[in-house]
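This report introduces a protein structure to a reader who has not met it before. Please look over the sequence and the fold before reading on.

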Amino acid sequence: MKAATAAVTVTRGGSDGVRGGVALQQAIRVETTIDIGRAAGDVFGYVTTPALWHTWHPATVSVQDVPSRPLTTGETMRELITVAGRRNEAAWTVVACDAPLRWEIATDTASGSAHIVYRIVANDRGCRFHRTLDYRSKGRFWRLLDGNLTRWILTRQSARALRNLRAVMEGKW
């Protein structure tokens, strides 16, 4: 049995310009990938249902104003998030949806901007789930931390989230 690990790649300047209507000049990018022993459609349906995020993503405290189903382009939700000791509310908008392959969301809050892309590819063991997070904090102090402390925290949190997702999807939770 393969160990429950997630591959993580971090780059700086991952998303200059505008993504999903969100300005992310000199953003930090965290990419995380994991193989999951479930069909791509099952994983897509689960990860694109924000009402279920708290079951696998450690940053999600709660999600509000959202139905218990996958969201499609143009739909929105509010998420209460805890990251790096900061508790924030983000209003996310689905900016692209190509079920069961790709889903994108974006937010722009007083604390920062973010753009997340989920890509899912079927493979012989089920599917490969790839999550890309581009983020940029607002405020001089927090921006100073983006490239080191915040990136370190988000890298570990993202890897943990994907390990949690695999455990939930494979019934090992």
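The text below treats the enclosed space, the paired strands and some backbone features.

The model is predicted, and local features need pLDDT of at least 70, side-chain atom pairs count only at pLDDT 80 or more, and totals for chains, interfaces and linings use all residues. Residues are numbered from 1 along each chain as its sequence is written, and side-chain values use heavy atoms, with hydrogens and water left out.

**The cavity**

A search of the whole structure finds one cavity of 30 Å³ or more. On a 1 Å grid over the protein atoms alone, a cavity is a set of points where a 1.4 Å probe fits but cannot get out, and lining residues have an atom within 4 Å of a point. The largest cavity holds about 520 Å³ of space, where volume is the space filled by probe spheres set on points joined across faces, edges and corners. Its lining comprises 33 residues, of which Ile81, Val83, Trp92, Ala114 and Leu154 are the closest to the centre. Among the elements that give two or more residues to this lining are strand 9 (112-123), strand 10 (126-137) and helix 2 (140-169). Helices (H or I, at least four residues) and strands (E, at least two) are DSSP runs, numbered from the N terminus.

**Strand pairing**

Two strands pair if DSSP finds at least two bridges between them. The table sets out two such pairs.

| Strands | Sense | Bridges |
|---|---|---|
| strand 6 and strand 7 | antiparallel | eight bridges |
| strand 7 and strand 8 | antiparallel | five bridges |

In the pairing of strand 6 with strand 7, threonine 82 stands opposite arginine 87. These two strands form a hairpin with two residues between them, and alanine 84 in the turn has a positive phi of about 55 degrees. A second hairpin joins strand 7 to strand 8 through three residues. Here alanine 96 has glutamate 104 in strand 8 as its bridge partner.

**Backbone features**

Proline 100, in the loop between strand 7 and strand 8, follows a cis peptide bond from alanine 99, with omega near -5 degrees. Aspartate 65 is not a glycine, yet has a positive phi of about 55 degrees; this residue sits in the loop between strand 5 (60-64) and strand 6. Helix 2 has a kink of about 75 degrees centred on aspartate 146, the bend being the angle between axes fitted to the seven residues ending at a residue and the seven starting there. Just after helix 2, glycine 171 takes a positive phi of about 70 degrees.

Note on methods
On a 1 Å grid over the protein atoms alone, a cavity is a set of points where a 1.4 Å probe fits but cannot get out, and a pocket is an open set with protein on both sides within 12 Å along at least five of seven lines; lining residues have an atom within 4 Å of a point.
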